[in-house]
Amino acid sequence: MKLAVFGNPIEHSLSPSIHTLFAQQTGVQIEYNKILAPVNAFAETTQDFIAQGGKGFNITVPFKVDAFNLATKHSINAQTAGAVNTIKVDGNTLIGENTDGIGLLNDLTKNLGIDLQNKIVLILGAGGATRGILLPLLQQRPAQVMIANRTASKATQLAKDFESYGETCGFGLEKIKDGPVDIIINATSASLEKQMPNITAGVANNAICYDLMYGKQTPFMDWAQNNNASMVVDGLGMLVEQAASAFEFWTGKQPKTQTVIEAIRALND
Ligand code: NDP
């Protein structure tokens, strides 16, 4: 099965290593390549791949919204996220899926044993990643999901967009109060620039702190450790889980993830 990941840049992507391990484990024959798409030619580059027999692909920064527009059919997760990270080629139909949210959820619940029901969740950031994780999180029936963002208006809008799925509210980072909060998810891109969102309140006390960024200790993880968090985790498990969900979507085979998370962490150290 001919598969790929499209992005720009793409060199850093761990997806080929993850999917190769899934293929070895499940006995599915795949060829999975990284493809650098020019920023203004995403659709053309994917069409070439499909013409050469491509059966499925992942999409990463900055093309997740372009991929949404390319897909001719959308899952509910893709629809609510307004972004697509996985496409399956089914004849002339391109089925768009978004596995980021289910990836986070599986890491939190299966790998880390966290029950989200009745919990108070604080998400930092109101970009594409937050939009992708909100529906699967709200489906776990937490007591409340608070969204705090540097640009407050984006957080209030997102909270409004998802209010029919559960208890949501949105505000600026400066409005974060001292806890109690059960889980804090850093879905900002601040870690990419080695920065920490500006939070003064003692909200990390006793909270589980999860950074979507993976691979390196981040300023958010330092902040959580220095502020008495009960657990501090990076997003590598989410990365492997979202890939597992994509692999199953393409092949119908559900790979086991624990050994793959360990192997990818060792590779990335
Ligand atoms: P976007 O560019 O869509 O959104 C970025 C968000 O970060 C915005 O809310 C922005 O606030 C905020 N932000 C950026 N810099 C700062 C800062 N210095 N202080 C406070 N807030 C800041 O990015 P995405 O939502 O697509 O991605 C977010 C992160 O999630 C990335 O690090 C990405 O790598 C990670 N990710 C990880 C995945 C995984 O599998 N582990 C999957 C998907 C994403 P404002 O609106 O004010 O600009």
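Guide: Two strands pair if DSSP finds at least two bridges between them. Strands are DSSP runs (E, at least two residues), numbered from the N terminus. This is a predicted model, with residues numbered from 1 along each chain. Local features need pLDDT of at least 70, and side-chain values use heavy atoms, without hydrogens or water.

Visitor: What is the strand order in the open sheet of six strands?
Guide: The sheet is open and its pairing is mixed. At its edges sit β2 (31-36) and β4 (73-74), and each pairs on one side only. The full order is β2-β1-β3-β5-β6-β4.

Visitor: Do β4 and β6 pair in the parallel or antiparallel sense?
Guide: β6 spans residues 93-97. Two bridges link this strand to β4. Their sense is parallel.

Visitor: Which residue in β6 is the bridge partner of histidine 74?
Guide: Take lysine 73 beforehand: its bridge partner in β6 is isoleucine 95. For histidine 74, the β6 partner is glycine 96.

Visitor: How many bridges join β5 to β6?
Guide: These strands run antiparallel. One of their bridges matches valine 89 with leucine 94 in β6. The number of bridges joining β5 to β6 is five.

Visitor: Which residue in the turn of the β5 and β6 hairpin has a positive phi?
Guide: Two residues lie between the hairpin strands. A phi of about 65° occurs in that turn. The residue is glycine 91.

Visitor: How many of the five residues of β6 are buried?
Guide: Buried means under 20% relative accessible area (1.4 Å probe, protein chains only). β6 is mostly covered. Its buried residues number four.

How values were computed: This is a predicted model: local features need pLDDT of at least 70, side-chain atom pairs count only at pLDDT 80 or more; totals for chains, interfaces and linings use all residues. Buried means under 20% relative accessible area, exposed over 50%, partly exposed in between (1.4 Å probe, protein chains only).
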